[in-house]
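Hi everyone, thanks for coming along. I'd like to walk you through one protein model today, going piece by piece, so please have the viewer open and follow along.

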Amino acid sequence: MALMTFDMKRNPGQARISLLVLLALMIIFPVFAQQFGNSWVRIMDMALLYIMLALGLNVVVGFAGLLDLGYIAFYAIGAYTAGLLASPQFAAVIESFVNTYPSVGNFLVWLCGPQIVQNGIHLSLWLIVPISGVLAAIFGALLGAPTLKLRGDYLAIVTLGFGEIIRIFMNNLNAPVNITNGPQGINLIDPIRVFGVSLAGEPGSGSMVKVFGMSLPSVNAYYYLFLVLCIFVIFFSSRLQDSRLGRAWVAIREDEIAAKAMGINTRNVKLLAFAMGASFGGVAGAMFGAFQGFVSPESFSLTESIAVLAMVVLGGIGHIPGVVLGGVILAALPEVLRHVVEPLQMAIFGKVWIDAEVLRQLLYGLAMVVIMLTRPAGLWPSPRHEDRPEADHTKVGTAGEVKA
């Protein structure tokens, strides 16, 4: 990574050049990828959403040192918030209340009015996004409150349980009142609109979006929107890391007892880490729901939580560029392998010996094992020792020399 640095304190000139080069590559990527089909741009759309998730989890795991195996629950909260507030599903909720609890249902009918009763709620996504972020932050604080005195394995087990509880709730909240539509999920979620332009394309347009007289595929329009959001999240995370609160998180991560002795309110600071990290997940979830137009519980399994955690660990815990790199690799690599393994077997052996899905998972797991054995600090650890976890610090001898 010597050719590209993003350390604005030590090498501000080179960091700015690196940022400009990377931004230019990201802007022109869809133009080249589209030559090979829209699927590659769609893969990057999902990768950008995973980057937002990984950056949120990095606040909890990388900055504050709190292990969270249920982070995907906040993603689900954001997605289902979009599903309820931007689809016909709320009309089904009211109907279910009328049939099961008539007094409550009639009150909702009076409160919401005939339009919502028939068509559901269709709020603008730009209102849903802050609502999703706030809701996810509240649930993040609720998760953090009972875990303040837990560490290590115990914290991991509790957060894992929280993630599974949310998924099971989403899977079963279809009786006696149908709120989430159960395993069938919520569909017909409104697409994202920017200045009145639907990023899914207008009906009959063939999923083409017209912007300033030009037409581009829907996946490209979503790509540029998600890219802008990712840049904002990266900027916010970097400012957060260098803030007083960010240094307090690092102090807790390195030695909680010492941090408490220095006057840091460890309880409030931990709760803020859970809440702020969760809010990123809620925003990404709302975007995911609008992008897919459909959400269901199977999209928020434990495997997804582990994948997001792997992005943080693989890229470099606490290092924002490393986390972004880990997010791109682990979100895109499985899909790249899906398109490569069968043609490669045909080219070498003349037939497919191993099913693409099986071999894809095998190669994916093998790559992670090899990387963790050869690069235990991550593919791109922070160049500043104070931003790395304690285990990665170099030891300073008594004479002041640095020892490995």
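**Helix 2 and its surroundings**

Let's start with helix 2: 22 of its 26 residues are buried, so this helix is largely enclosed by the rest of the structure. One thing to keep in mind throughout is that we are looking at a predicted model.

How far does helix 2 reach from its first C-alpha to its last? The answer is 36 Å, close to the 38 Å expected for its 26 residues at 1.5 Å a residue. If you follow the helix along, you will find a kink of about 35°, centred on Leu57. Just after helix 2 comes Gly65, which takes a positive phi of about 75°.

Now let's see what sits beside helix 2. Please find helix 9, which covers residues 218-241 and holds Gln241. Ile234 is in helix 9 too. Take Ile234 and Leu55: they are 179 residues apart in sequence, but their C-alpha atoms are 7.4 Å apart in space. Setting aside neighbours within four places in sequence, Ile234 is in contact with Leu55, Ile320 and Val324. Is Ile234 buried or partly exposed? With 28% relative accessibility, Ile234 counts as partly exposed.

Gln241 makes a similar pairing for us to look at. Gln241 and Phe63 are separated by 178 residues in sequence and by 7.3 Å in space, C-alpha to C-alpha. Gln241 has a relative accessible area of 9%, so it is buried, the cut-off being under 20%.

**The second largest pocket**

Next, let's look at some empty space. Rolling a probe the size of a water molecule over the atoms shows where empty space is left. The second largest pocket holds about 730 Å³ of space. Which residues are closest to its centre? Of the 27 residues lining this pocket, they are Tyr50, Glu304, Ala331, Pro334 and Glu335. Five elements are worth colouring in your viewer here. Helix 2 (38-63), helix 12 (266-292), helix 13 (302-315), helix 14 (320-349) and helix 15 (356-374) are the elements that give two or more residues to the lining. As for chemical character, the lining residues divide into 15 nonpolar, six polar and six charged.

Let's stay with helix 13 for a moment. Its 14 residues should span 20 Å at 1.5 Å a residue, and its end C-alpha atoms are 20 Å apart, so the two values agree. Helix 13 is mostly covered, with 10 of its 14 residues buried. Among those buried residues are Glu304, Ser305, Met311 and Gly315. Just after helix 13, Gly316 takes a positive phi of about 140°.

From Glu304, we can jump to helix 7, residues 125-144, where Phe139 is found. Phe139 and Glu304 are 165 residues apart in sequence and 19 Å apart in space, C-alpha to C-alpha. What does Phe139 touch, not counting residues up to four places away in sequence? Its partners are Phe74, Ile77 and Phe162. Phe139 counts as partly exposed, at 31% relative accessibility.

**Some backbone details**

Here is a little background for the next stop. Most residues other than glycine have a negative phi, and most peptide bonds are trans. Let's look at some exceptions.

Please go to the loop between helix 8 (152-172) and strand 3 (186-187), where you will find Pro176. A cis peptide bond joins Ala175 and Pro176, with omega at about -5°. Asn181 also lies in the loop between helix 8 and strand 3. Phi of Asn181 is near 65°, a positive value in a residue other than glycine. Asn181 is partly exposed, with a relative accessible area of 21%.

Move on to the loop between strand 3 and strand 4 (193-194), and you will meet Leu188. Leu188 is not a glycine, yet its phi is positive, near 60°. Its relative accessible area is 59%, which makes Leu188 exposed.

**One last residue**

Let's finish with Glu256, which is placed in helix 11, residues 256-261. Is Glu256 buried or exposed? At 15% relative accessibility, Glu256 counts as buried. Leaving aside neighbours within four places in sequence, Glu256 is in contact with Arg151, Ala251, Thr266 and Lys270.

That's the end of my tour, so thanks for listening!

Conventions
Residues numbered from 1 in each chain as written. Predicted model: local features only at pLDDT ≥ 70, side-chain atom pairs only at ≥ 80, totals over all residues. Heavy atoms only, no water. 1 Å grid on protein atoms, 1.4 Å probe; cavity = no way out; pocket = protein on both sides within 12 Å on 5 of 7 lines; lining within 4 Å. Points joined across faces, edges and corners; volume = space filled by probe spheres on them. Helix = DSSP H or I, 4+ residues; strand = E, 2+ residues; numbered from the N terminus. Nonpolar A, V, L, I, M, F, W, Y, C, P; charged D, E, K, R; others polar. Expected span 1.5 Å × (residues − 1). Bend = angle between axes of the 7 residues up to and from the residue. Buried < 20%, exposed > 50% of the residue type's maximum accessible area, 1.4 Å probe, protein only. Contact = heavy atoms within 4.5 Å.
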